[in-house]
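Reader: I'd like to go through this one with you and ask how each label was earned. Shall we start with a helix?

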Amino acid sequence: MSFSPFEHPVLGGLFGDAEIAALFSAETDIAAMLRFETALAAAQAATGIISDGEATSISQGLATASADYAALRDGVAKDGVVIPELVRQLRAAVGGEAATKVHLGATSQDVIDTSLMLRLKSAAFIIGTRLSSCISGLENLTKRDGSKPLMGYTRMQAAIHITVADRVASWQKPLYRHEERLHTLLEKGFSLQFGGAAGTLEKFGDKASDLRTELAKRLDLADISQWHSQRDGIADFGHFLSLITGSLGKFGQDVALLAELGHGIRLSGGGGSSAMPHKQNPIVAETLVALARFNAVQVSALHQAMVHEQERSGAAWMLEWLILPQMVAATGAALLSAERLIQQIEALGD
């Protein structure tokens, strides 16, 4: 056991996903925050809030900035968020009069939530690629074995004969629907967070709306009003992740049950037993079931995290930090496992 099986040097053999894990590293998070601060300065110059020269100085300074992670850790312990110490470091890197314009009018939550959106959007593209791969793999199973008979089961009892195509369709069709959901998310589900101290962007007066629109455009995020304490979008993304892992869990459960019956499926690369060398355990299928159940539990915690008091919250926000990265990691691992399991199915049908 460990704090995080998703990054464990041993358990990572089941749950690891280096591509997704990289999106939640401290380095990637800070890089996204610097992207926000750079784009903010450029957007403010474009809307006449700061000068072009100041924006250029900020861009050049941030391009060479190097984070002091020990100081950032100490800053989080004191302030509860990384941004006050990070901004201090960034202003030191920029120097001169332009340093005072770094982070102008923004608040910590703007930077942290926007960094999250940038990284979740990258994760969504990875998820989409893997979904497509799973769909294609299941299509190949149908082409190869679809016409073969397979016993259908209802209430865990043998019912009537169906075809392999019928069973595979029950695995595949939800994935098509998840692709459609993902397309909708990519169109408007990843939004800029920019509201200032209490969500009103009061420092920018009548330029606030134009500034937000310009900043969203530069970051390629949806332009909506601030959502500091409106967390339905986060919960909706978590629900989407759980739908994917739930569907893949059904696939894994079916494969495990077929393997238990000893007929209807032939798998390669099953897991061995230390006590019974003759066994070939359906490890990958079981992993899909475990990840589905993990995400199903986490969704309820994300709904708890929707209860943000008044204009901004601390406790509810922190709860998201504990939950959402693990859910994305579980989804990435499930999709990798599903791709692997599809490749392990050498034959389907009685």
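Author: Sure, starting with helix H9, residues 208-219. Bear in mind that this is a predicted model, where local features need pLDDT of at least 70, side-chain atom pairs count only at pLDDT 80 or more, and totals for chains, interfaces and linings use all residues. Residues are numbered from 1 along each chain as its sequence is written, and side-chain values use heavy atoms, with hydrogens and water left out.

Reader: How do you know that the length of H9 agrees with a helix?

Author: Helices (H or I, at least four residues) and strands (E, at least two) are DSSP runs, numbered from the N terminus. The expected span is 1.5 Å times one less than the number of residues. For the 12 residues of H9 that gives 16 Å, and the end C-alpha atoms are 17 Å apart, so the two agree. Right after H9 comes Asp 220, with a positive phi near 55°.

Reader: What covers the buried residues of H9?

Author: Helix H3 (26-46) and helix H7 (108-145) are among the elements that do. The buried residues include Leu 211, Leu 215 and Leu 219. Residues three or four places apart in an α-helix point the same way, because there are 3.6 residues a turn.

Reader: Why is Gln 226 called buried?

Author: Buried means under 20% relative accessible area, exposed over 50%, partly exposed in between (1.4 Å probe, protein chains only). Gln 226 has 17%, so buried is the word. This residue is in the loop between H9 and helix H10 (232-261). Leaving out residues up to four places away in sequence, Gln 226 touches Gln 193, Phe 194, Gly 195 and Gly 199 (contact means heavy atoms within 4.5 Å). A polar atom of the Gln 226 side chain also lies 2.7 Å from the backbone nitrogen of His 228.

Reader: What makes strand E2 lie largely in the open?

Author: Of the seven residues of E2 (157-163), zero are buried, so that description follows.

Reader: How do you know that E1 and E2 pair?

Author: Two strands pair if DSSP finds at least two bridges between them. Strand E1 (residues 149-154) and E2 have five, in the antiparallel sense. Tyr 153 stands opposite Ala 158 in E2. The two strands make a hairpin with two residues between them, and Arg 155 in the turn has a positive phi of about 55°.

Technical notes
Polar contact = N/O pair within 3.5 Å; in protein donor to acceptor, adjacent residues only side chain to side chain.
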